[in-house]
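Hi everyone, thanks for making time this morning. Let me put the model up on the screen, and then I'll walk you through it.

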There are 2 protein chains.
Amino acid sequence: MLITIDFSSDEAIYMQLRNQIIIAIATDRIREGDTLPSVRQLAESTGVNMHTVNKAYSVLKQEGIVKLDRRHGAVVALDLNKAQALGELKCEIQMAIAKAICKNISIDEVHMAVEEIFNRYKE
Amino acid sequence: MLITIDFSSDEAIYMQLRNQIIIAIATDRIREGDTLPSVRQLAESTGVNMHTVNKAYSVLKQEGIVKLDRRHGAVVALDLNKAQALGELKCEIQMAIAKAICKNISIDEVHMAVEEIFNRYKE
DNA sequence: ATACTTGTTATACTAATACTATCACAAAAG
DNA sequence: CTTTTGTGATAGTATTAGTATAACAAGTAT
């Protein structure tokens with residue numbers, strides 16, 4: 001796990017952590033059952049406060065991506081409720097697509113954008 | 001234009017305004033050249049401060065969706081730079097798709113979600 | 001000309017969020 | 001018994017969101 005923080009970014013640090021971990025799982029660099037660094041370790045290696053890492057882990061737990069355990073730390077454990085995940089996905093991309101429609105972007109162009117992003121993760 | 005604010009929402013008020021205007025354009029209820037209410041009018045009708053509306057309009061201006069003019073107020077004026085709009089779209093849906101991949105959602109399921117959202121706007 | 005409306009700017013204040021900093025605790029591992 | 005785990009309490013700073021007033025220059029209407 002190589003995680004780096006851009007302190008000059010306007011994106012919250014705990015979201016940067018959350019995003020990089022999600023991308024690591026999507027690209028199969030982290031797998032189900034793998035253990036994430038402890039909050040203190042990751043805080044140390046990224047130069048960030050312990051509670052900021054803890055917040056990132058809490059978000060991932062809330063999203064059904066990791067489980068937090070006092071003995072093993074944070075473990076990747078995907079909650080594969082597809083119906084719920086699909087509902088969340090639609091919510092998250094809804095406004096982006098509305099804006100795309102305003103900009104005269106066709107549905108085919110959106111599909112192509114989806115393909116491109118998918119290919120970024122699948123090898 | 002019927003705009004309402006959910007004051008108990010965790011979404012920022014200026015983003016609620018911005019989103020509803022974008023949806024109104026996507027659904028063709030507002031069209032190119034149409035004039036939006038003045039910052040004071042919309043602030044009055046939604047029970048919100050003038051500056052909050054002004055911030056929403058500034059965001060829409062920044063996104064190339066309206067033009068602000070001292071004589072006519074806020075006018076819908078789409079900046080149809082497709083390359084840029086597509087780039088922004090990819091940025092905005094990137095993490096949502098990464099998370100979907102974590103949840104074992106297939107690319108076809110994402111395409112279907114896109115279709116569903118598109119149909120929400122196109123009649 | 002006068003009155004009104006437009007976006008815009010400035011100042012000031014409150015509330016909430018993000019982040020940091022310490023200290024501490026119970027549970028599990030070595 | 002010591003270390004490491006997540007977790008909680010408390011406290012402080014910085015930034016953002018939102019409100020409240022006031023004012024200004026530029027355009028519109030009468």
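The surface near DNA strand C divides into nine nonpolar, eight polar and eight charged residues. In that sorting, Ala, Val, Leu, Ile, Met, Phe, Trp, Tyr, Cys and Pro count as nonpolar, Asp, Glu, Lys and Arg as charged, and the others, Gly among them, as polar. A residue is near a strand if one of its heavy atoms lies within 4 Å of it.

Before I go on, a word on what you are looking at: this is a predicted model, where local features need pLDDT of at least 70 and side-chain atom pairs count only at pLDDT 80 or more, while totals for chains, interfaces and linings use all residues. Residues are numbered from 1 along each chain as its sequence is written, chains are lettered from A and ligands numbered from 1 in the order in which they are written, and side-chain values use heavy atoms, with hydrogens and water left out.

Back to strand C. Which residues come nearest to DNA strand C? Of the 25 around it, they are Ile13(A), His51(A), Thr52(A), Lys55(A) and Arg40(B). Sugar and phosphate make up 58% of the DNA strand C atoms that come within 4 Å of the protein.

Now some polar contacts, meaning pairs of N or O atoms within 3.5 Å; within protein, one must be able to donate a hydrogen and the other to accept it, and residues adjacent in sequence count only if both atoms are side-chain atoms. Arg40(B) places a polar side-chain atom 2.6 Å from a base oxygen of DNA strand C. For His51(B), a polar side-chain atom lies 2.7 Å from a base nitrogen of DNA strand C. The backbone takes part too: a polar backbone atom of Val39(B) is 3.3 Å from a phosphate oxygen of DNA strand C. The elements giving two or more residues to this surface are α1 (13-26) and α3 of chain A, together with α2 (39-46), α3, β1 (66-69) and β2 (73-76) of chain B. Helices (H or I, at least four residues) and strands (E, at least two) are DSSP runs, numbered from the N terminus.

Let's turn to the other DNA strand. DNA strand D is surrounded by 24 residues, and the closest are Arg40(A), Ile13(B), His51(B), Thr52(B) and Lys55(B). In the side chain of Lys55(B), an N or O atom is 2.3 Å from a phosphate oxygen of DNA strand D. Tyr14(B) has a side-chain N or O atom 2.7 Å from a phosphate oxygen of DNA strand D. His51(B) appears here as well, with a side-chain N or O atom 3.3 Å from a base oxygen of DNA strand D. Which element gives the most to the surface near DNA strand D? That would be α3(B), with four residues. By class, this surface has nine nonpolar, eight polar and seven charged residues.

Next, the two protein chains. Chain A has five helices and two strands, in the order α-α-α-β-β-α-α along the sequence. A turn of 180° and a shift of 0.0 Å along the axis lays chain B on chain A with an RMSD of 0.0 Å. That is the relation of a two-fold axis. The copies are superposed by least squares on the C-alpha atoms of residues with pLDDT of at least 70 in both. In chain B, Ile93(B) comes closest to the rotation axis, its C-alpha being at 2.9 Å.

How many residues of chain B are in contact with chain A? There are 46, and they touch 46 residues of chain A, where contact means heavy atoms within 4.5 Å. The copies meet through the same surface, because 100% of the interface residues of chain B are also interface residues in chain A. About 4800 Å² is buried between the chains, with carbon and sulfur atoms giving 73% of it; that is the accessible area (1.4 Å probe) that two parts lose on being put together, summed over both. Lys99(B), Lys103(B) and Phe118(B) supply 15% of the area that chain B buries against chain A, more than any other three residues.

Last stop, salt bridges: a side-chain nitrogen of Lys or Arg within 4 Å of a carboxyl oxygen of Asp or Glu. Across the interface of chain B and chain A there are 10. One of them pairs Glu116(B) with Lys90(A), with the closest N and O atoms 2.9 Å apart. On the chain B side of the interface, α4(B) gives the most, with 17 residues.
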